[in-house]
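Open the model in your viewer and keep the sequence panel visible. The stops below go from single contacts to a sheet and then to charged pairs.

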Amino acid sequence: MEQYQIVPWDDLSSDESMRSLNLEQYVPPEVEKLAYEVMKSYDMSVSGMTLITSKPDKGGAIWRIETNRGPRSLKVLHRTPQRSLFSVGAQEYVVSKGARVPGIILTKDGRNSVEAGGKLWIVTDWIDTLTPVMKIDLEGARTLCHGLGEFHQWSKGYEPPAKAGKSSRIFKWESQYQKIMTKIGWFRHIANAYPNTEASGHLLSVLDTFEGQARDILKRFQESAYKRMVAKGEAHWGLAHQDYGWSNGQMGPGGIWVIDLDGVAFDLPIRDLRKIITSTMDDMGAWDLEWIRGVIDAYHSANPLDQETFELLWIDMAFPNEFYKHVKEVVFTPVEFMNTELNAILDRVVATETNKWDVLRELEKDKTKYAAGDYPDVTAAPSGPYRYKDYAKEGAAPIVEIPGSKRKRKDKEKSDAIRIVLNPDGKAKIIPGGETPRKLSKKEEKKLAKKEEKKLSKKQLKKLSKKELKKLSKKEEKKSSKKELKKLSKKELRKLQRSEQLASQEGLAVRKPEKAVSPLRQPVKAVAPERERMKRYKYRTEPAAVKPKSGKPSAGSGQKSRSTAAGSKPLKRSTSTSKPGAALKEGLKKAAGGGRTRSAWNKGKKKVGVKLYLTAYRDSKSARRTGLEHFDDLHGEAAGTEY
């Protein structure tokens with residue numbers, strides 16, 4: 001019996017009987033059954049299990065379990081097992097370094113996790129005394145960010161298990177900024193496509209401001225020390241939690257405990273700090289310089305910053321991340337979102353922006369408080385283009401582009417790089433455009449030409465009749481068969497020839513060539529075996545009875561062609577070593593009157609050969625059933641022929 005595979009269950013909300021159910025407090029019975037099976041792998045006896053929360057849209061859940069060894073946590077991680085193994089390994093690593101993170105409980109056979117239902121399951125310690133810190137209170141925020149700095153410090157030097165899927169965002173900052181800028185361009189097209197929605201005009205009125213901010217900050221980012229910093233490698237910077245906040249960092253024994261490490265990844269650690277700052281400013285409705293300085297100082301006391309890191313933190317705060325986070329829903333449900341929620345969101349975002357730049361300009365002066373970092377320029381020539389995705393997958397050292405390098409390409413000038421066509425049903429169709437074309441290489445020109453030929457050929461095929469299509473398909477078959485034969489080795493060609501020879505002997509529709517011809521030059525069209533056999537019996541040496549001119553039958557006209565004349569011996573097959581066809585020719589000459597002229601030969605052939613052949617073959621109905629290889633035995637002697 002196949003094991004149940006865990007999939008998201010948020011589609012249950014469409015079921016009428018499940019609409020009143022809170023899906024975040026529900027798991028399917030199959031998942032609960034798997035949970036009991038997983039717990040059997042651990043050295044503990046379970047007396048109770050309580051669902052704390054679930055992720056119905058992703059297929060994850062967490063339970064508190066009561067065991068003979070105290071309360072513990074059972075969790076099914078919603079990501080792939082390989083990706084989850086990266087997180088489990090990270091959790092074990094930081095615990096070994098002394099981090100305040102729940103410890104992983106090992107199974108009976110010493111494993112840190114169990115795979116079931118296509119997901120990874122873990123059991124950890126349950127910390128009873130955890131309590132959230134105050135969100136708006138500066139002291140609570142300082143405590144939270146100090147704990148974050150400690151976690152980042154403990155995570156440095158982590159190396160994932162060999163079988164784990166690697167998760168790294170450290171080299172993707174620029175591509176992330178470019179993605180946000182592109183989608184802000186989509187917002188404009190959507191607003192123009194639905195001018196009658198309530199928030200269409202409001203959205204268009206603020207897009208220029210946020211687009212300009214993103215463009216200016218991206219330029220400053222490109223001039224920063226980012227590439228020199230990431231050249232230090234992933235282990236130097238350690239892990240970022242990616243979802244750190246007031247619920248995943250809580251006060252417990254000894255300080256802040258960090259929980260829910262499912263999404264940890266290699267990254268510049270200040271990304272976590274920026275998310276806390278900008279999201280809190282958005283909740284407060286205004287930017288607070290004293291609050292921001294307080295949390296940065298608390299973080300710095302646990303994980304020291306330098307000038308270059310502080311500058312990247314400032315750049316990330318200045319980029320319109322919060323605007324994008326709140327408005328991106330318009331891409332998925334444009335009409336509904338713009339008619340119901342977007343106006344209120346834009347009002348709040350714009351109100352928060354009123355003093356943002358004043359605070360940032362003042363905060364920028366704090367850069368001199370920090371020491372300069374040691375990030376030397378890259379002097380070695382790159383061995384290839386700088387690609388974020390390849391590095392994240394392979395884990396090789398980053399390849400940094402140097403100004404003036406031959407490999408460096410000019411950036412494309414973009415203006416509204418993406419166009420969106422919105423259908424009446426609200427779905428968006430994205431059409432790339434707005435890029436200035438660059439000169440194509442010869443290889444690219446050839447590829448483009450082939451694509452155009454394919455398009456033209458498709459159009460031409462539609463115009464062809466059925467007969468023309470059949471002819472064309474036969475030509476293509478010939479070409480493909482020749483190509484396949486060329487790819488074969490000598491041994492494979494020999495095997496193919498032998499199989500064809502055997503098939504022809506057995507009466508199959510394969511004709512063995514008379515001469516030794518290369519398989520590449522053999523005729524593609526197979527000759528039917530019946531017609532091939534007919535050729536061998538076409539001409540007979542025994543003359544057929546010929547009607548006299550008077551119309552009366554001759555003496556031997558009443559005999560059947562299959563029987564021999566009375567008193568005569570049946571003819572045997574000729575074993576003469578003379579030239580092929582000599583005996584046949586002599587018999588035909590006699591039948592035609594013994595003449596030696598060409599016309600007499602033709603007359604004999606017409607009168608004698610064809611009639612006797614038809615008589616013999618018409619009576620051989622069993623030849624098709626039993627195989628033409630038996631035709632000689634069944635009809636050769638009875639027909640009274642010699643060949």
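A polar contact here is a pair of N or O atoms within 3.5 Å, one able to donate a hydrogen and the other to accept it. Keep that cut-off at hand for the opening stop, and note that the model is predicted.

**Stop: His241.** Select His241, in the loop between strand 6 (239-240) and strand 7 (249-252). What does its side chain reach at 2.9 Å? The partner is the backbone oxygen of Asp260. A polar atom of the His241 side chain also lies 3.2 Å from the backbone nitrogen of Tyr244, which is within the 3.5 Å limit of a polar contact. His241 has 1% relative accessibility and so counts as buried, the threshold being under 20%. Leaving aside neighbours within four places in sequence, show the residues in contact with His241, including Phe151, His152, Asn248, Val258 and Asp272.

**Stop: the whole chain.** Zoom out and colour by secondary structure: there are 23 helices and 11 strands. Of the 643 residues, 39% count as buried. The accessible surface comes to about 38,900 Å², with 51% of that belonging to carbon and sulfur atoms.

**Stop: the five-stranded sheet.** Now select strands 1 to 5, which form an open sheet in the order 1-2-3-5-4 with antiparallel pairing. Strand 1 (46-55) and strand 4 (114-116) are at the edges with a single partner strand each, so each has one side without a neighbour in the sheet. From one strand to the next, the twist averages 25 degrees. Add helix 1 (residues 29-39), which packs on the sheet and touches strand 1, strand 2, strand 3, strand 4 and strand 5. The direction of helix 1 makes about 130 degrees with that of strand 1. Then add helix 2 (residues 81-96), lying across strand 3, strand 4 and strand 5 and running at about 20 degrees to strand 5.

**Stop: strand 3.** Is strand 3 (residues 70-77) largely enclosed or open? Of its 8 residues, 6 are buried, so the rest of the structure largely encloses this strand. Strand 3 pairs with strand 2 (residues 60-67) in the antiparallel sense over 7 bridges, and the two form a hairpin with 2 residues between them. Pick Trp63 to find its bridge partner, Leu74 in strand 3. Strand 3 is also joined to strand 5 (residues 119-125) by 6 bridges, again antiparallel; here Lys75 stands opposite Ile122. Move along to strand 4, which 3 bridges join to strand 5, and find Ala116 opposite Lys119.

**Stop: salt bridges.** The structure holds 24 salt bridges. Select Lys75 again, this time with Asp262: their side chains meet in a salt bridge at 2.9 Å, N to O. This pair links distant parts of the chain, 187 residues apart, with Asp262 in the loop between strand 8 (255-258) and strand 9 (265-266). Lys75 is buried at 11% relative accessible area, and Asp262 is buried at 12%.

Next, show Arg64 and Asp128, whose closest N and O atoms are 2.8 Å apart in a salt bridge. Arg64 is in strand 2 and Asp128 in the loop between strand 5 and helix 3 (138-155), 64 residues apart.

Finish with Lys365 and Glu362, a salt bridge with its closest N and O atoms 3.4 Å apart. Lys365 counts as exposed at 55% relative accessibility, whereas Glu362 is partly exposed at 33%. Also select Arg220, Glu311, Glu364 and Lys367, which are linked in a network of salt bridges.

Definitions and conventions:
Residues are numbered from 1 along each chain as its sequence is written. This is a predicted model: local features need pLDDT of at least 70, side-chain atom pairs count only at pLDDT 80 or more; totals for chains, interfaces and linings use all residues. Side-chain values use heavy atoms; hydrogens and water are left out. Buried means under 20% relative accessible area, exposed over 50%, partly exposed in between (1.4 Å probe, protein chains only). Helices (H or I, at least four residues) and strands (E, at least two) are DSSP runs, numbered from the N terminus. Two strands pair if DSSP finds at least two bridges between them. Contact means heavy atoms within 4.5 Å. Axes are lines fitted to C-alpha atoms, for helices over the stretch in contact, and angles run from 0 to 180 degrees between N-to-C directions. Accessible areas come from the Shrake-Rupley method with a 1.4 Å probe; for residues, only the protein chains shown count as cover. A salt bridge is a side-chain nitrogen of Lys or Arg within 4 Å of a carboxyl oxygen of Asp or Glu.
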